[in-house]
Amino acid sequence: MITRTTLLLAALTIVATGAIANEVTIALPAETAVLRPGKGLELAQANCMVCHSVDYIQTQPPMPRKFWEAEVKKMREKYGAPTPEDTVPTLVDYLAATYGLADAKKP
């Protein structure tokens with residue numbers, strides 16, 4: 001029985017080693033979209049682009065600030081985005097100003 005188990009482990013090791021030796025490389029296409037200019041652009045590039053493309057932001061319809069606050073919170077808390085807490089207000093300011101709804105004019 002020990003011999004059979006040893007042979008099985010040896011066979012699995014050989015199969016696993018062969019699988020590792022045949023690694024597959026995937027080349028992603030170059031990013032063609034760019035974030036809109038604005039105060040906080042560099043912060044958005046450093047924090048948002050780590051996980052997803054610009055297209056993910058640009059395809060959102062214009063939304064109010066509360067939406068962008070919730071999105072940044074979700075990215076940090078649910079998806080583990082490495083955005084430091086102290087940068088959140090500036091990041092939200094950028095997203096709301098460049099991809100959000102214009103502030104309603106007060107009469």
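Biologist: Why is Trp68 called buried in this predicted model?

Modeller: The relative accessible area of Trp68 is 4%, and because buried means under 20%, Trp68 counts as buried.

Biologist: What makes Phe67 buried rather than partly exposed?

Modeller: Phe67 has a relative accessible area of 19%, and since the word buried applies under 20%, Phe67 is buried as well.

Biologist: How do you know that Phe67 and Trp68 form an aromatic pair, and why is the pair called edge-to-face?

Modeller: The ring centres of Phe67 and Trp68 are 5.0 Å apart, and rings pair if their centres lie within 6.5 Å, so the two residues form an aromatic pair. Their planes stand at 80 degrees to each other, and because planes over 60 degrees apart count as edge-to-face, that is the name this pair receives.

Biologist: What makes Tyr94 and Tyr99 an edge-to-face pair?

Modeller: For Tyr94 and Tyr99 the distance from centre to centre is 6.3 Å, set against a limit of 6.5 Å, and the angle between the planes is 70 degrees, set against a cut-off of 60, so this pair too is edge-to-face. Both of these tyrosines are buried, and by this rule the count comes to 2 aromatic pairs.

Biologist: How do you know that Arg65 forms a salt bridge with Glu69?

Modeller: The closest N and O atoms of Arg65 and Glu69 are 3.2 Å apart, and because a salt bridge needs such atoms within 4 Å, the contact between Arg65 and Glu69 is a salt bridge. The two residues are 4 residues apart in helix α4, which means that about one helical turn separates them.

Biologist: Why are Arg65 and Glu69 called partly exposed?

Modeller: Arg65 has 35% relative accessibility and Glu69 has 31%, and because partly exposed lies between the limits of 20% and 50%, both residues receive that description.

Biologist: What makes the salt bridge between Asp93 and Arg65 a tie between separate parts of the sequence?

Modeller: The closest N and O atoms of Asp93 and Arg65 are 2.7 Å apart; Asp93 lies in helix α5 and Arg65 in helix α4, so the pair ties together parts that are 28 residues apart in sequence.

Biologist: Why is Lys66 called exposed, and which residue does Lys66 meet in a salt bridge?

Modeller: Lys66 has a relative accessible area of 64%, and because exposed means over 50%, Lys66 is exposed. The side chain of Lys66 meets that of Glu69 at 3.8 Å, N to O, and thus Arg65, Lys66, Glu69 and Asp93 are linked in a network of salt bridges.

Key
Residues are numbered from 1 along each chain as its sequence is written. Side-chain values use heavy atoms; hydrogens and water are left out. Rings of Phe, Tyr and Trp (its six-membered ring) pair if their centres lie within 6.5 Å; planes under 30 degrees apart count as stacked, over 60 as edge-to-face and the rest as tilted. Buried means under 20% relative accessible area, exposed over 50%, partly exposed in between (1.4 Å probe, protein chains only).
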